[in-house]
Amino acid sequence: MAHALHFSISLSPPPPPFLSKRLSSKPYACSARSPISSVHSVSPVSENGLPLSKAPAPVVLQPTTVDSGVMHVDVAMEVELRENGPRSSRRTKLVCTIGPATCGLDELEALAAGGMNVARLNMCHGTREWHRTVIERVRWLNQVKGFSVSIMMDTEGSEVHMGDLGGLTSAKAEDGDIWTFSVRAFNSHRPECTISVNYDGFAEDVKVGDELLVDGGMVRFEVIDKIGPDVKCRCTDSGLLLPRANLTFWRNGSLVQARNAMLPTISSKDWLDIDFGIAEGVDFIAVSFVKSAEVIKQLKSYIAGRSCESDVAVIAKIESFGSLKNLKEIIQASDGAMVARGDLGAQIPLEEVPSIQEKIIRLCRQLNKPVIVASQLLKSMIEYPTPTRAEVADVSEAVKQQADGLMLSGESAMGQYPEKALAVLRSVSLRIERWWREEKHNDNMELPDIASTSLESVSEEICHAATKMANKLEADALFVYTRTGHMASLLSRCRPDCPVFAFTPRPSSQRRLNLHWGLIPFCLSFTNDMESNLDKSFSLLKARGMIKSGDLIISVSDMLQSVQVVKVP
Ligand SMILES: Nc1ncnc2c1ncn2[C@@H]1O[C@H](COP(=O)(O)OP(=O)(O)OP(=O)(O)O)[C@@H](O)[C@H]1O
Ligand SMILES: CC(=O)C(=O)O
Ligand SMILES: [K+]
Ligand SMILES: [Mg+2]
């Protein structure tokens, strides 16, 4: 069901400067990269490969506040509120990976109108120039078309992966075929049945008899011989090899934690991408293959030194064997987490993934961090216009677990039905959320105190009390006026039955709150006078049809330590 979007914009839209740029919708040749084994240090380096002696000047992003009297909310959320009313609005947030299938302005707009809350850019693929153009397009849609889509940059990390296939979108490996995996680089001419590997130590680390898994087992090989830099393998499970697919190797049924496990989580190429992300003002940086809390702390302090706004949130991707040992510390140090089931499923037995997903979601809720469930949610929709029943059941499980966000990967990056896949996530989320509320399954999770000061304890208690009241009184919405966004996250953590309208004066906080379950972030300037804040919000929201007279609102703020119960006049 597609929504027609009706909104008026007083400015005449400036012509987007990037419209003339053509982004290839075919896989592009990626620039040559240095082999990851040459990386020894995690210190930031400049474009010429030299360490940065001092941090570059702080980056100033976008306007930091809004005009009084102006209220901004994502136009797709506004339509949803107007059409369905607050209580029926979607609580689960949707993240779409942008790739060749969706990098055009029209495709991006269709995703934004279809409910995309966050656009993800995977730095494993594409050039920085390509990503910059996508970011410009999303910003243009936000500024001119009234959306509020956040941007998440996902680092490549020091994983072992295949190189490009010399322009091919895929290559078929058949049972019994002999393929060569080599650390040699093939610039223009790649010999037949030969794949380059980005990790120099590859040939030394594997042994004859090892099992080589491409993309977590989409294709399998057995190592049959080693000749210098070349590793000869026989295909034992046929399938499609995709450019830059991830590689793991197994010995006697266990994942080999070879020297690549010692490589830094953030490679020198990643640091350059991170500099790029900060300069472009991305909202989230997702760090691949996190193994410890230290790397997250290091990145957070790097960001704080680089950007005066320091509003880039750091998301820890849980996708390696190593991350599971330090799960709590990693999540505690981060601003959020991602259950990256694609690589995770290649590192631990598949049958362990569902329970670990549940555990991570629970832990994130307890520690008050947003969590995204990612990979293969609707994988068959890369090729087919409808999902399998099993995929719908998987999505519904993540919705029942009340994960903050669900993510599309290949489905939106290079699939044939990106908008349909997003529509499936949207409709399954809405349906399952409603059913779960009606069944009164919401919320019996014990939430430990997380406050570190007495003032924070008061905020936490206020949020618990406000949620309880809102549920009991069947309020239409909770309102929260928050300068930093923290109080809004505390309300989201309580997973109330009604949505939370989160008012914040800063566009960057508004975009960051996009990822939290049940929050509808508004950018609005407000004062310390709650009466006038409520009056102003009511009149703006009523005028735009997002609430109506008689609606019951429970309101809290991080300025006034009380809970207000108000009927919309
Ligand atoms: N920017 C891009 N350019 C070209 N293809 C892309 C891009 N982003 C994603 N893709 C394609 O979509 C597929 C799925 O995307 P996804 O982000 O899940 O990547 P991945 O390679 O599986 O790695 P990761 O583990 O980081 O998610 C990729 O394998 C790639 O084929
Ligand atoms: C999303 C991701 O990186 C994964 O599933 O591996
Ligand atoms: K990645
Ligand atoms: Mg991954």
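Which residue is the bridge partner of Ala316 in β16? In the structure we have in front of us, which I should say at once is a predicted model, that partner is Ala337, and I would like to begin from this pair and work outwards through the protein.

Ala316 is one of the residues of strand β15, which covers residues 313-318 and in which 6 of the 6 residues are buried. If we take the two faces of β15 in turn, Ala313, Ile315 and Lys317 are on one side, Val314, Ala316 and Ile318 are on the other, and every one of these residues is buried. The strand has parallel partners to consider: 4 bridges join β15 to β16, residues 336-340, and 4 bridges, again in the parallel sense, pair β15 with strand β14, residues 284-287. In that second pairing it is Ala286 that stands opposite Ile315 of β15.

Let me step back to the whole chain for a moment. The protein has 569 residues, of which 46% are buried, and its secondary structure comes to 17 helices and 23 strands. Among contacts with a separation of 6 or more, 71% are between residues that are 24 or more positions apart. The division into domains gives domain 1 as 90-158 + 265-438, domain 2 as 171-262, and domain 3 as 454-496 + 499-567.

I turn next to domains 1 and 2, whose C-alpha centres lie 28 Å apart. The contact between them involves 10 residues of domain 1 and 9 residues of domain 2. On the domain 1 side, the elements that give two or more residues are α7, residues 321-325, and α9, and it is α9 that gives the most, with 5 residues. Sorted by class, that side of domain 1 has 3 nonpolar, 6 polar and 1 charged residues.

Helix α9 returns when we look at the ligands. Around ligand 2 we find Ser288, Lys317, Glu319, Ala340, Arg341, Gly342, Asp343, Ala374, Ser375 and Ser409, so that Lys317, which we met as a buried residue of β15, appears here again. The largest share of this shell, 3 residues, comes from α9, and by class the shell has 2 nonpolar, 4 polar and 4 charged residues. Ligand 1 has 18 residues around it, and those that come nearest are Gly99, His125, Ser409, Gly410 and Ala413. Here α9, residues 341-347, and α12, residues 410-413, each supply at least two residues of the shell, which divides into 6 nonpolar, 9 polar and 3 charged residues.

Now to the sheet with β8 in it, which is an open sheet of 7 strands in the order β7-β6-β10-β9-β8-β12-β13, with mixed pairing. The edges are taken by β7, residues 194-196, and β13, residues 254-255, and because each has a single partner strand, one side of each is left without a neighbour in the sheet. Further in, β6, residues 178-182, pairs with β10, residues 230-237, in the antiparallel sense over 5 bridges, and the bridge partner of Ile178 in β10 is Arg234.

Strand β8, residues 211-214, is covered on both faces, with Glu211 and Leu213 buried on one side and Leu212 and Val214 buried on the other. Its pairing with β12, residues 247-251, is antiparallel over 4 bridges, and there Glu211 stands opposite Trp250. Its pairing with β9, residues 219-227, is also antiparallel over 4 bridges, with Leu212 opposite Phe221. The hairpin of β8 and β9 has 4 residues between the strands, and in it Asp215 takes a positive phi near 55°.

One single residue deserves a comment, and that is Ala403, which has its place in the loop between α11, residues 389-400, and β18, residues 405-408. Why does Ala403 count as buried? There are 26 other C-beta atoms within 10 Å of Ala403, and the cut-off for a buried residue is 20 or more. Leaving aside neighbours within four places in sequence, the contacts of Ala403 are with Thr92, Ile361, Val371, Ile372, Val373 and Ala398; Val373 is 30 residues away in sequence, yet the C-alpha atoms of the two are 6.8 Å apart.

Last, the annotation: an unreviewed UniProt entry places the feature "domain: Pyruvate kinase C-terminal" at residues 460-559. In the model this span is 42% helix and 22% strand, and its end C-alpha atoms lie 14 Å apart.

Notes: Residues numbered from 1 in each chain as written. Chains lettered and ligands numbered in written order. Predicted model: local features only at pLDDT ≥ 70, side-chain atom pairs only at ≥ 80, totals over all residues. Near = placed C-beta within 6 Å. Nonpolar A, V, L, I, M, F, W, Y, C, P; charged D, E, K, R; others polar. Buried ≥ 20, exposed ≤ 12 C-beta atoms within 10 Å, placed from the backbone. Contact = placed C-beta atoms within 7 Å. Pairing = 2+ DSSP bridges. UniProt positions renumbered as here; feature names shortened; annotations may be inferred. Domains from an automatic or database assignment.
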